[in-house]
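Colleague: Could you take me through one corner of this model in some detail, and then show me what else is going on around the chain? I'd like to start with a strand pairing.

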Amino acid sequence: MCITKKRFKSKTNKQTNKRLYAVLIGPLHCCAGQGCWWDILQNDNDPKHSTSEDKSVTWSEKEKILYTAPTPPGTKKDTSLPFPSSYSPEYVESSWYQWWEKEGFFSPEQHRLSHSVDRTFSLCIPPPNVTGTLHLGHALTVAVEDALVRRRRMQGYRVLWVPGCDHAGIATQTVVERRLLKERGKRRQDFTREEFLQEVWKWKNEKGEEIYHQLRRLGASLDWSRACFTMDPGFSRAVTEAFVRLCDSGLIYRSEGLVNWSCALESAISDIEVDSKELSGQTMLPVPGYENTMEFGTMFTFAYPIEGHDGEVAVSTTRPETMLGDVAVAVHPDDPRYQAVHGKQCRHPFTNRLLPIITDSMVDMELGTGAVKVTPAHDHTDFLLSQRHSLPHITVIRGDGTMTPPCGQWLEGVKRFDARQLVVDALVEKKLFRGKKSHAMTLPVCSRSGDIIEPLLKKQWFVRCDEMAKKAIQAVEDGQLDIIPHFYTKTWKNWLSNISDWCISRQLWWGHQIPAYQVELPNSTDKEEEQWVWGRSEDEARLRAAVKYGVRPEAITLTQDPDVLDTWFSSGLFPFAMLGWPEQTTDLQRYYPNSVLETGNDLIFFWVARMVMLGTELTGQLPFKQVLFHSLVRDKHGRKMSKSLGNVIDPLDVIHGVSLERLQEKVTEGNLDPRERLVAMEAQRKDFPKGIPQCGTDALRFALCSHKMQGEDISLSISQVLSCRHFCNKMWQTLRFTLGVLGDNTAATTPLSSMDRWICSRLYSTVLQCEQAFEAYELHTVTSALYSFWVHSLCDVYLNIDPLLFPFGRARQVASSVLYHCVSVSLALLTPFMPFITEELWQRLQPFRPGAAAHTTSLCLQPYPCSSQLEHWHFPEEERDFLLVQEVIRVARSLRAQCGMTKEKPAMWAVCSPSQAQVLNHFKSAVWTLSWISSLHIYCPQREDSFHSSPPPKGSLIRVVDHTLLSDFLSQSGMNVGKQILQLSQRRDKLVPKLEEILCRVRSPNYLTKVPAHIRQQTDIKMAALQQELKTIEEQLKVLQETQTTE
């Protein structure tokens, strides 16, 4: 790639300004849809970079420029100060947000703009857990949603974007418990419930604002006057109302069922809090509450003697400690090995119970011995078997993870994994043990405590989901609810079609205590039968109980359920509870249903589906009209973000920059296991040897939105964000140059020259492309189009044309006016993604705008550019013709670079068809200027008199532009042909093995199935670059060798 720098000088009426360097980069064509544009941007800032080679980005500390003018919080920033010479995020991003917020620009009550329309746009931010800080996944959500919100606000919509935080029951309680144990040496049980909740609220008030600070720092244009916390009094009333209404309609019921149980937390947990750990075989793992590591990934086999028979039935299990709760042995009815034992019984060796041998097609004949032990109280599949065969349930593990009395005195009170070995030893002693072997398995682990999940049978509150799920499926099939990307509709239907009832009880103290009360009636003798009522208050519950049981209210004793509701139950109410439901508030009537829900694709079941079910049931309407899913953010290696891997990045560290030392301190301050801590710190040293550079909010947001959200996961590297900071600097320098050439009259005018018409048409096409991509939620297409216009069209081409360099004249006046409007419109297009730098630059541009004396507000309230208003600037023939010009310029630069003509301006001949000749003549000035040549000769073999040019002289260096056009260079000083041949041959010899290596990998078996998509994409880019470079080298060698022969 050739990068040429050219110095220009320009005068205004009052002063002489040094022309900024205009960086001319190639290729000059739009890169939209041709891969990740930040690779090209990164090349712009590193002349030695080659796309054929994968080089990591290097960076050095930039000079930090601070905004030091006295600006009380909330007052407008002074942009009349001298323009700093270089871009600094700290300077640009100071003071603006406080002014926006104080002026109420983010409130829907701001809906008083001249271009307002009678339409609303509402959504909620997925409420992050109050426990900690935002990570890059949250930053992606903010960047995407704020881009949508800011654009709609600029389009005149009445916009409401509500911020909020989730109380995160288990996560918050766990954090506070650890803190109390560490700081005071006390456990939760050392406090009363009320005392402990006071500690939680104290912690929440200390830490809860941290997330809101991060959201503000990310530039999120949220309406802070409506901030919502799921434990606020108003929201808590909505939760109680929802529970009572669902109970009244029979959709919430109390029953005994199997739940995911964490013995460390002594609570049921939701599916999303269960991590699946894949074990390839025998593995020793640490378990909370045990000093030594415990063995998993092992299949144990033991025998049950058949009663009244000499034979036995061998069963295999990975959890031998649960055999004390076995109530049957199951075999497949078609398994020939067990045909003779159907209907017989086995004798339990420790409890002496008789276990029936049952047949069921659910049994996998290929697994283990083909016979399975049935333990309904501790296995989900066995629980289903017990219901089909009317088997009893025997619980052998308590909630704290110790064995129960039915196991016998020898095991009662023993921890479950200690009991495992005792059971195996006892089986050996009774000569019933048949061995063990390594076994690949999936181990369920509690994400909050690291404990091994134990399925336990508990009496809990459940939500009946089947009918609500059918309505949710129908809403999508009928087109009432639009899911984007559409391939998730299949996932949606499959999951909801097989949905189980939802356990909403949690054995915690922090959360919404279940508004259900156990009833004790006077003179009641039946202690086994539970009697429950519910109500919005204890008084209401008492009246309900009096009516239900026909007794006086004062004779009833009520005890509220100590459990709390699942956090996902309250967060499922967010779209309408945040607007004041169940009250019919103005906000609820105006902004419900929400316009869209945007969130990560990992929440499709746990949050989105439940919002749809609860919203439809409780309000009679879908909670939103569209669901937009974005992909998950992974690190540059494609790994999931994990604290134990050391790759979780705080967005503020990317915005402000952070040293490696501080990153390491954060790891040590966390709660990681010592071994995980070492792994995380080593990963940080490898990935961030110099820490993370200061990139700024705008660069981070632009980088995040530049990924294709609707597809595979996003692999984000800091080098990509740093490249976007370079783009910010290019914008900064562009405006410095623009301010230097603007005159007094910037009113819209008719483009004069071919280049004026071309840049205006490119602007129109960019606006149209942005409109279409925004409507399709393809933000990566929008950012690519905007980057391409600013860099490749505006900077690479238009800023280098002659009229802008002339001190006076009509052409100069028109060109500067066109430049003003191109920059002004581009800033408006970019502001949803880069609100800080665009505001700063737009404000500095305002003194030059037509009618500048009028009151200037904020860019975020200006009309968003619309293609229909720019149709008079659409010149499609100019855009089409200039594609040929760009290719000629690209080839010319490539020739100059390869021939080492860094200072010389060679003469150039274009051998072409008559139609091509007309195009090149039309844009002759651009070809001349941008190719850095001394003269352009256009030669048409078919019509020699057309342009009065002779054929290119012998000895000129020829390069094929396409099959109909040749570009010839004639060096005035001559060149060392032999040296050029040697250099190109050496380069070819270096690249060929690299290409062969890649081709070998690509052609290997199972490449498409085994290699992740993002790696395949990177490989394709490298391979294409190598092939293109080798093709160019071969063409050059051919020309040079012919030249050498003629000499």
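In which sense do strand 16 and strand 19 pair, parallel or antiparallel, and over how many bridges?

Modeller: Antiparallel, over 4 bridges. Before I go on: this is a predicted model, so local features need pLDDT of at least 70 and side-chain atom pairs count only at pLDDT 80 or more, while totals for chains, interfaces and linings use all residues. Residues are numbered from 1 along each chain as its sequence is written, and side-chain values use heavy atoms, with hydrogens and water left out.

On wording, strands are DSSP runs of E with at least two residues, helices are runs of H or I with at least four, and both are numbered from the N terminus. Two strands pair if DSSP finds at least two bridges between them. In general, strands of a sheet pair through backbone hydrogen bonds, either parallel or antiparallel.

Back to your strands. A328 stands opposite V374 in strand 19. The sheet they belong to is open, with 4 strands in the order 17-18-16-19 and mixed pairing. Strand 17 (345-347) and strand 19 stand at the edges, each with a single partner strand, so one side of each has no neighbour in the sheet. The twist averages 30 degrees from one strand to the next; here axes are lines fitted to C-alpha atoms (for helices, over the stretch in contact), and angles run from 0 to 180 degrees between N-to-C directions.

There's a salt bridge here too, meaning a side-chain nitrogen of Lys or Arg within 4 Å of a carboxyl oxygen of Asp or Glu. The side chains of K373 and D326 form one, at 2.9 Å from N to O. K373 sits in strand 19 (residues 371-374) and D326 in the loop between strand 15 and strand 16 (328-331), so the pair links distant parts of the chain, 47 residues apart. K373 is buried at 7% relative accessible area, and D326 is buried as well, at 0%. Buried here is under 20%, exposed is over 50% and partly exposed is in between, using a 1.4 Å probe and protein chains only.

Now step back to strand 15. Of its 6 residues, 5 are buried, so strand 15 is largely enclosed by the rest of the structure. Strand 14 (residues 298-305) runs antiparallel to strand 15, joined by 6 bridges, and F300 stands opposite T317. Their hairpin has 6 residues between the strands, and there G308 takes a positive phi near 70 degrees.

Strand 15 has a salt bridge of its own: E312 pairs with R434, the closest N and O atoms being 2.9 Å apart. E312 is in strand 15 (residues 312-317) and R434 in strand 20 (residues 433-438), 122 residues apart, another link between distant parts of the chain. Both partners are partly exposed: R434 has 39% relative accessibility, and E312 has 39% too. The structure holds 53 salt bridges.

For a parallel sheet, look at the open one with 3 strands in the order 23-31-30. Strand 23 (482-484) and strand 30 (594-600) are its edges, each with a single partner strand, so one side of each is left free of a sheet neighbour. Its neighbouring strands are turned by 15 degrees against each other on average, direction ignored. Strand 23 pairs with strand 31 (residues 624-630) over 3 bridges, and I484 stands opposite L628 there.

Last stop, the helical side. S867 is in the loop between helix 25 (835-845) and helix 26 (876-898), and at 8% relative accessibility S867 counts as buried. Contact means heavy atoms within 4.5 Å; leaving aside neighbours within four places in sequence, S867 is in contact with Y764, V767, L768 and E771. Within helix 26, R890 and E887 lie 3 residues apart, about one turn of the helix, and their side chains meet in a salt bridge at 2.5 Å, N to O.
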